[in-house]
Amino acid sequence: MLGYLRTFWEGFDWGSLLYALQRLVGVLVCLTVHETCHGLAAYALGDPTAKRMNRLSFNPLHHIDWLGLASMFICGFGWAKPVPVDMRYFKNPKAGMALTALAGPVSNFLLAFLLMFAASVISRFTAGPVVFLMTTAMLSIGLGLFNLVPIPPLDGSKVLFSLLPDRAYYTLMRFERFGMLVLMLIIWLDLGGSYLSDAIRTVYYWMAELFFSFERAG
């Protein structure tokens, strides 16, 4: 028994486990920032719903949907608990909803900028946390771009729908929950996945070149 345990211990791929744990933490960071900024945007526009439900928090436990987290970690697609928004509080409901939706992806791009900047600075002194920072930056870019796809219930749909006449807008909003089935089918059939992957890599490499070229120049 001891020999078996020793063999298992020596043969276990600890590097893969560490990478998986880093990826899990990165996913939690990206989802938490995304959802919290939805709530902060809504609160700034006059909607106190998220605040009342303790969703204006950077504590991941307030936002985790465990099934969505597992899906994102394993499949690269997932979700968090949606931040509750009551658009009746907004002076301009359609515009307020669009701005609240847009706050999520924008926060992910800003987070990726900060992470890449931190990686470029830290890399001058040590290589330890750099891989984690850059991996999380790519995850954040992916989450931001994915949510800009204009398919309900993704944030891009709320931005696009805000341009429609009121009657069409509120009709589409009532059927938003069925968009998830369409989205799952698109992902299952891998329609457009290569385009999204290319977009993620393009933004990521642009940020890497931006910050690490600055480091070399310095």
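Here are some friendly notes on the helices and two unusual loop residues of this predicted model.

1. Before you start, note that residues are numbered from 1 along each chain as its sequence is written. In this predicted model, local features need pLDDT of at least 70, side-chain atom pairs count only at pLDDT 80 or more, and totals for chains, interfaces and linings use all residues, while side-chain values use heavy atoms, leaving out hydrogens and water.

2. Let's begin with helix α5, residues 93–122. Helices here are DSSP runs (H or I, at least four residues), numbered from the N terminus. At 1.5 Å a residue, the 30 residues of α5 should span 44 Å, and its end C-alpha atoms are 43 Å apart, which agrees. The expected span is 1.5 Å times one less than the number of residues.

3. Where does α5 bend? The bend is at A103 and is about 30°, with a proline, P105, following within four residues. Such a bend is the angle between axes fitted to the seven residues ending at a position and the seven starting there.

4. Now look at α5 beside α6 (130–147). Their axes come within 8 Å and cross at roughly 160°; axes are lines fitted to C-alpha atoms, for helices over the stretch in contact, and angles run from 0 to 180 degrees between N-to-C directions. The two helices are therefore roughly antiparallel (over 145 degrees). Residues in contact (heavy atoms within 4.5 Å) include P105, F109 and L115 of α5, and L133, A137 and I141 of α6. By class, this contact has 16 nonpolar, five polar and no charged residues. Nonpolar covers Ala, Val, Leu, Ile, Met, Phe, Trp, Tyr, Cys and Pro; charged covers Asp, Glu, Lys and Arg; the others, Gly among them, are polar.

5. Helix α5 also meets α8 (residues 166–174), with axes that come within 11 Å and cross at roughly 50°. That makes α5 oblique to α8 (an angle outside the ranges under 35, 65 to 115 and over 145 degrees). Here P93, K94 and M97 of α5 meet D166, Y169 and Y170 of α8. The residues of this contact divide into four nonpolar, no polar and two charged.

6. Finally, visit two loops. Most residues other than glycine have a negative phi, and most peptide bonds are trans. N54 is not a glycine, yet has a positive phi of about 60°; N54 lies in the loop between α3 (49–52) and α4 (66–75). The peptide bond from P152 to P153 is cis, with omega near 5°, and P153 is found in the loop between α6 and α7 (155–161).
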